[in-house]
Each structure stands twice: as structure tokens, then as C-alpha cells.
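Welcome to a short guided tour. Open your viewer, have the selection tool ready, and follow along one stop at a time.

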Amino acid sequence: MTKVGSEGAEDGVAVPHWSSRFAFIMAAVGSAVGLGNIWKFPYMTGTGGGAAFVLFYLGCVLMVGVPVLVAELMLGRRAQRGPIGALVALGRRYGGTPAWGLVAGMGVVAAFLILSFYSVIAGWALAYIPKLAVGAFAGATAQATGAVFDGLLADPVAMAGWHTLFMALTVVIVAQGVTGGIERAVTLLTPALFVMLVILAIYASVTGDFARGMAFLFTPDFSKLTTEVAISAAGQAFFSLSIGLGTMLAYGAYVGDNVSLPKMTLTIAGADTACALVAGVAIFPIVFASGLDPAGGPGLVFVTLPVAFGAMPFGSLFGAVFFVLLAVAALTSSVSLLEPIVASLQERVRLPRIVLALGVACLSWVLGFLTIFSFNRWSDIHPLGGGRTFFDLIDYATTNIMLPLGGVLLAVFAGWVLTREARVEEFGMGEGVVYRVWLFLVRFLAPAAIVIVALDALF
């Protein structure tokens, strides 16, 4: 059957392809593994029942995240276009209307908005690398590290500088294209990310309270697996895999026909979960050895962990490595936020990729000042009331509205609008049991679960 992208070449441009399965996996895993994997998933695991939470989370990944991820990659590969062009072409051919492009458009806008504040927060990690490297936190108290973090948030000039540096690093990678920039970066950075995690985990097992940390993470306590925790696990499973942003539509367009999407998706989900678990192994022995609060969230990373590193052997060195790890995790994710926007623009604006990447990044950089000022000068400004700053509103709109809606509509398109012949061809495993299970999940269970998670977050 003919690919949509091979018809009507005047409607689109030829897209490059990953040079190997490994490159594709590293790009997808790099997109999935971000700041949330390093602190949020381990914390949710420890407070949500340990192994009980992990088992439920894995079930959500398999039944919600993986089916929708397969669907998004399938649509991208089918169209051989950027995210918006993909849904326009597929919508015209299979759905009778190009209006489906609005779904991808919403995802691209969400990626743009998220990049604006993600770059600011990632800049915090960059700011801490030199502080740890020079031993600034040696022997520091929680009050001292808290003052350092509060000082960073109160200084819009410093935040803007680190925000600028991080955005520039993102542009440098994306501007060089798929094979010359993204692929080269992720095949280096994603393995480096995992290696640093393992080194930190070994360090934590030797210098920290390893037994207590492992008990916190992995002792099953099903009494803690409440309805609220279960919904949070489903939401984490969905958002952790970068679904609904247009990222996987773009990355799917670069995947060759010889790649089995179901097998690769399971590999991506497994690697993403493994990184999150190893992060917990690296963090919580240090936390417990230092008598710190494991439920600290972002404060755990920027306030309490520096106290621990400051009191441990070679703490400055390993603390610096930890924040390099955070920055790398953020960078591979930010690249995947910028890429779908640039890929979509390339099909409509005949300008060099570097110009498009720089232009989009500059606009997102400017928007990032809403987030910067939300922590200092404009912290008391709540545009829509309810105590939400500009940063809170952008985060809420993207996370709770745009991404779930986009994920549901992509699942609906793949499950109901795309023809059986097209689905089977892209799925690549025939119409056996695996295909039938996937079709049921993407048609019914995954959309229902996403809607439940979104409604819970909204109300």
C-alpha cells in the first residue's frame, strides 16, 4: 500500500530517517526521560506503595502508554511528514477532512509552551553544576541550601542567563538536523545519562542507607495504592512517554519500514521505566542516610540533596555529576520539544533549518520570561485568579488539557479513522492476537483512562 508521504510530493518535503534502530530508541528514550523521571517517579513509587505502585504503573504503561505511543509513531511513519502535515494528509485521505491537522497543531503549540518553562527549570540544574563542583555546599545546612535556591529564584537576571544557555544548547542540536544533530546528540547523551545514573546508584549504595532506600522503593504495600495514587500512576505513564506533543509523530516519520513499532515501543517504555527506578536507587539511600525528607519534590533536588552531597565523601564531585545528569535528561527532552515545531515549519516555510530552529527558540525564550518573573517580580500576579501565576497557568493548560486531549484524539484516529489495511501494514505483525489486543486498547481502554486522568486533574 502506498505511503501518504509518497503521494503528492508538492504537499510536503522528503524527510530523513534514523540511521539505525539504536538511534531511534535513544532519541525516543531521551525524549521520555526528563526531569520528572529523576525525582517525581521515585517519590511517587516510595509514597504509593513501593513495588505495588511499580506493578500498577507498569500495567498502565502497557495498557495506556504503549498503545497510544504505537499509534502516534504509526501515524508519523504512515504520513512521512512533520506532525501537522502528517495529520492534514492522513485526515484528508482517511478521514475525509484535513481538519485533523488541528490535533497535531495543538500538540505543537503545547510543545512550544512547555519548552518555554522547561528551559527555565532546566537552567536551575545548569546553575547548580558549578556550585557543586567548587564545593559550595560542603558542610551546608538545609537553611543555607534553601537560601541559595531562594536566591536563585529571586534573581531574574541569573535565571535568564541559565535559561538562555540551555535554550542555546537545544538550538545547536536541533539546527543540525536529524542525523547530524539530534541523532548524534542522543546516541551520546542518552547512554551517558544511564551511565551516570548507574555510577550514582553505586555511590549511593556504598555511602548511603541502601537497605532503607530499597525498602522505601520496593517493599510492596498495597494499602497505599489508593484510587488517587492509581490515577496518578496512569497519568505518569501517559505523560512520561512524551505522548500528545507531536514529538513521536515527528520521530515516527523518521522511522524506516523495517522497524517493528510494537517491539521498539516496548523497548522504549522499558528503558524509560528502568531509568526512573535507577534514579530512585541513586537518590533515596542518600536521602535516608542524611535524615532528609524523601517527599521533597523539586525541593528534594535543589535544597535537601545538596545538603547530603555536602556531607558525604567526594560529595562535591558526585553532586556535580548528579546535576550534569539532570541537565542531560532535560536537554534530550527539550530537543524533542523543539523538533516537532521545526519539522512542521520546514514543510511550510522555505528557510534553512537553523533559521527556523533559532526563530522558534527565540520566541519560546521570550515567553520563558513569564515563568522567570512568576518566581519573583510577578509572583503576586494571578491573571485568572485562583492563585495561579503565569507559569502555573501555562503548566496547567498544557499538562491537564492539551496533552490529554491530543492523546485521546490520536488514539481515536489510529483506532477508528485509519483503515484496517493501513493499520495492519504499519503495525507490522499481522492481524494476530497482539494486533487485536492493541486495537482494543487503543480504541477503548487507553482513551477512557486518559479522559479519567484528565478529569481528575481538572476537577
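Start by selecting helices α4 and α16: α4 passes α16 in a left-handed crossing. Keep in mind as you look around that this is a predicted model. Helix α4 covers residues 83-95 and helix α16 covers residues 390-417; their axes come within 11 Å and cross at roughly 35°.

Next, show the side chains where these two helices meet. On α4, pick L87, L90, G91, Y94 and G95; on α16, pick L410, F413 and V417. Colour them by class and you should find 6 nonpolar residues, 2 polar ones and no charged ones.

Keep F413 selected, and add W18, F24, W124, F322, F323 and W438. These are the residues that touch the most other members of the largest nonpolar core, which has 170 residues. Which helix gives the most to this core? Select residues 101-133: this is helix α5, and it contributes 21 residues.

Now zoom in on F322. Leaving aside residues up to four places away in sequence, F322 touches I38, L200, I283, V301, L305 and F309.

For the last stop, turn to the cysteines. How many disulfides are there? The count comes to 0. Select C275 and C60 to look at one case: C60 holds the cysteine sulfur closest to that of C275, but the two are 19 Å apart, so they are too far for a bond. While you are there, is C275 buried or exposed? C275 counts as buried because its relative accessibility is 6%. Finish at C362, which counts as partly exposed, with a relative accessibility of 39%.

Notes. Residues are numbered from 1 along each chain as its sequence is written. This is a predicted model: local features need pLDDT of at least 70, side-chain atom pairs count only at pLDDT 80 or more; totals for chains, interfaces and linings use all residues. Side-chain values use heavy atoms; hydrogens and water are left out. Axes are lines fitted to C-alpha atoms, for helices over the stretch in contact, and angles run from 0 to 180 degrees between N-to-C directions. Helices (H or I, at least four residues) and strands (E, at least two) are DSSP runs, numbered from the N terminus. A crossing is left-handed if the near helix is turned anticlockwise from the far one by less than a right angle, and right-handed if clockwise. Contact means heavy atoms within 4.5 Å. Ala, Val, Leu, Ile, Met, Phe, Trp, Tyr, Cys and Pro count as nonpolar, Asp, Glu, Lys and Arg as charged, and the others, Gly among them, as polar. A nonpolar core is a set of buried Ala, Val, Leu, Ile, Met, Phe, Trp, Tyr and Cys residues joined through side-chain atoms within 4.5 Å. Buried means under 20% relative accessible area, exposed over 50%, partly exposed in between (1.4 Å probe, protein chains only). A disulfide is a pair of cysteine sulfur atoms within 2.5 Å.
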